[in-house]
Amino acid sequence: GVGTNQNYEFVAWAKSDIVFMLDFDQLIVDLHGVYEVAFLGAKTPDQFIQFWSKRNEKSARSTLRERFSEPKKLKQVLKAFKLARRATYGKLRRVKRRHARKNITSYLNDQTQYDYIVNLFRTGRVFPVRGDLTATTTMRRIAEELTRFKRHLGVIYVSNCEQYFA
């Protein structure tokens, strides 16, 4: 899938057992590293959402520093967090409220779906990938990984990629 939080909804709904998060923007790829830390550190969907809050910003930065010791990667992840924290927090809260109004279950309000995603991270089955959806190399690499896992592509989410194809 392309993008961030909406992919995690699809992952839990589809019961995907291997996930490739593809984006041409390295910042988004780095942001998936922040998501991983948030998922692995939060026991509940509410704690996950609060990871992104202003109140928890200092604690979240500290957790990111503990998780990423390589200086270049740490710098990239902290930058992604800085640029996306506020928007991500707002988006997660809005989606959770919308789902409550429409009686939709997702990883943001259902512990089973949330735990499913956490387990994917714990078992090393989420792969953030920087690449070009329209080129052959990235898709070939993903196909090779699927073959290695003896899997076939089951669900693909391309967000608003068509806006960038022209």
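Leaving aside residues up to four places away in sequence, which residues does Gln76 touch? The legends below take up this question first, using a predicted model.

**View 1. Gln76 on helix H5 and its partners.** Gln76 touches Gln26 and Asp30, with residues up to four places away in sequence not counted. Gln76 belongs to helix H5. Its relative accessible area is 24%, so Gln76 is partly exposed. The C-alpha atom of Gln76 is separated by 9.7 Å from that of Val29. Along the chain, Gln76 and Val29 are 47 residues apart.

**View 2. Asp30 in helix H2.** Is Asp30 buried or exposed? Asp30 has a relative accessible area of 3%; buried means under 20%, so Asp30 is buried. Beyond four places in sequence, Asp30 touches Lys73, Gln76, Val77 and Ala80. Gln76, seen in View 1, lies in helix H5.

**View 3. Helix H5, its length and its kink.** H5 has 32 residues. At 1.5 Å a residue they should span 46 Å. The end C-alpha atoms of H5 are 43 Å apart, which agrees. H5 nevertheless has a kink of about 55°, centred on Ala84. At the start of H5, a side-chain oxygen of Glu70 comes to within 3.1 Å of the backbone nitrogen of Lys72. Asn103 follows H5, and its phi is positive, near 60°.

**View 4. The largest nonpolar core.** This core has 36 residues. Phe39, Phe48, Trp52 and Tyr107 have the most contacts inside it. The elements giving two or more residues to the core are helices H1 (5-14), H2 (26-41), H3 (45-51), H4 (57-67), H5 (71-102) and H6 (111-122), together with strand E1 (19-23). H5 supplies the largest share, nine residues. A second core is separate and has seven residues, among them Ile18, Leu22, Val129 and Ile142.

**View 5. Contacts of Phe48.** Which residues are in contact with Phe48, leaving aside its neighbours within four places in sequence? They are Tyr35, Ala38, Phe39, Ala42, Leu92, Tyr107, Leu108 and Tyr114. Phe48 is also one of the residues with the most contacts inside the largest nonpolar core.

**View 6. Aromatic pairing and the aromatic cluster.** The structure holds 20 aromatic pairs. One of them joins Tyr35 and Phe48. A pair of aromatic rings is described by the distance of the centres and the angle of the planes. For Tyr35 and Phe48, these are 6.0 Å centre to centre and 45° between the planes, a tilted pair. Tyr35 lies in helix H2 and Phe48 in helix H3, so the pair ties together parts 13 residues apart in sequence. Tyr35 and Phe48 are both buried. They also belong to one aromatic cluster with Tyr8, Phe39, Phe51, Trp52, Phe81, Tyr107, Tyr114 and Phe121.

**View 7. Helix H1 and its surroundings.** How many of the 10 residues of H1 are buried? Seven are, so H1 is largely enclosed by the rest of the structure. The buried residues are Asn5, Gln6, Asn7, Tyr8, Glu9, Val11 and Ala12. They pack against E1, H2, H5 and H6. Tyr8 is also a member of the aromatic cluster in View 6. Just after H1, Lys15 takes a positive phi of about 60°.

Note on methods
Residues numbered from 1 in each chain as written. Predicted model: local features only at pLDDT ≥ 70, side-chain atom pairs only at ≥ 80, totals over all residues. Heavy atoms only, no water. Core = buried A, V, L, I, M, F, W, Y, C linked by side-chain atoms within 4.5 Å. Buried < 20%, exposed > 50% of the residue type's maximum accessible area, 1.4 Å probe, protein only. Helix = DSSP H or I, 4+ residues; strand = E, 2+ residues; numbered from the N terminus. Contact = heavy atoms within 4.5 Å. Expected span 1.5 Å × (residues − 1). Bend = angle between axes of the 7 residues up to and from the residue. Polar contact = N/O pair within 3.5 Å; in protein donor to acceptor, adjacent residues only side chain to side chain. Phe/Tyr/Trp six-rings, centres within 6.5 Å; stacked < 30°, edge-to-face > 60°.
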